[in-house]
Amino acid sequence: MSSSVARVCSVLALLVILTGSLASAKAAESTPLLKEVQNTEEFFPDEIGSVWRYVGHTRTETIERIAGTTFKNEVTTIGTTNIQGTTAKIFRETNQGNKGPSDGFFRRDKTGIMYYGSQPTTPFEQQLVPYQVLNFPLVLGATFHQLKKTDVDLQVDIDGDGQPERGDVVADAHVAGYEPVTVAAGTFPEALRIDAVMTISITLSKNRHRAVSQDKIISWFVRGVGLVKYVETIESPPVLETRGEIAYLSEELESYTLKGTVKASPAPIFSEHLSGL
């Protein structure tokens, strides 16, 4: 899952009906009702000319090596473009995920946010987009099924037999609730946390062995500001003689400019998720 995708996770209300025994009734009484997030769109500002500046960290671990990197990334809403007959906003990043410049294409309307892919893109991503990554209004405690694709051509020969592998891709997101978050751009007492997981189940063409890769992203959004922090964990399984690998990626907001107003904090604060590993 790309960072652009990771930054706009989505949910759909789940209605739980409890009937039957007295124990079920008591469980229902102790379970908080799902609550709609009012004015959901305010957590995802997309005015053209807005700029978000992030400091990021990456870390990769295997049995043999540990490597870490710090990087900067700036995201700017630069304009609009027409994709498949639809007008989408262009979010330009200078160093997305420490992988260089890229453009992400999103459309926000009253129903939610649709992702149309990125540029540069990959053959893998092209098989997944477009898809809905957020449904408005968001609902606290709810889970949304973002994506389900079967028999996707991964465009990569993992087992060395000369044939690209195929796999099934499923992505879900959960609105966990409000949490306080402190980053270089400030302290935000009510950041909306959204957890997303993309699971890729790969079938090796050489021996039909199944391998599972997971990309987990925790993101925090603030009303009127947007994304202030995300932490991504990518778990790659061992294949043949290779050992598995875990990669960590995070970005935290240093400063931002919305409608001509600049917000910043002089002292950067690094990700506890990464510094504690």
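This briefing describes the nonpolar cores and two buried residues of the structure. The model is predicted: local features require pLDDT of at least 70, side-chain atom pairs count only at pLDDT 80 or more, and totals for chains, interfaces and linings use all residues. Residues are numbered from 1 along each chain as its sequence is written, and side-chain values use heavy atoms, with hydrogens and water left out.

**Nonpolar cores**
- The largest nonpolar core (buried Ala, Val, Leu, Ile, Met, Phe, Trp, Tyr and Cys residues joined through side-chain atoms within 4.5 Å) has 52 residues.
- Strand 9 (residues 186–203) supplies the largest share of this core, 8 residues; strands are DSSP runs of E, at least two residues, numbered from the N terminus.
- F44, V228 and L253 have the most contacts inside the largest core.
- Beyond four places in sequence, L253 touches residues including W52, Y54, V183 and V228, where contact means heavy atoms within 4.5 Å.
- Apart from the largest core lies another core, of 5 residues, among them I83, A88, F105 and Y116.

**F105**
- F105 belongs to strand 4 (residues 102–109).
- With a relative accessible area of 13%, F105 is buried; the cut-off is under 20% (1.4 Å probe, protein chains only).
- The C-alpha atoms of F105 and I90 are separated by 5.0 Å, although these residues are 15 residues apart along the chain.
- Outside its neighbours within four places in sequence, F105 is in contact with residues including I83, A88, I90 and Y116.

**Q146**
- Q146, in strand 7 (residues 143–153), is buried, with a relative accessible area of 9%.
- The Q146 side chain reaches the backbone oxygen of V133 at 3.3 Å.

Conventions
Buried means under 20% relative accessible area, exposed over 50%, partly exposed in between (1.4 Å probe, protein chains only). Helices (H or I, at least four residues) and strands (E, at least two) are DSSP runs, numbered from the N terminus. A polar contact is a pair of N or O atoms within 3.5 Å; within protein, one must be able to donate a hydrogen and the other to accept it, and residues adjacent in sequence count only if both atoms are side-chain atoms.
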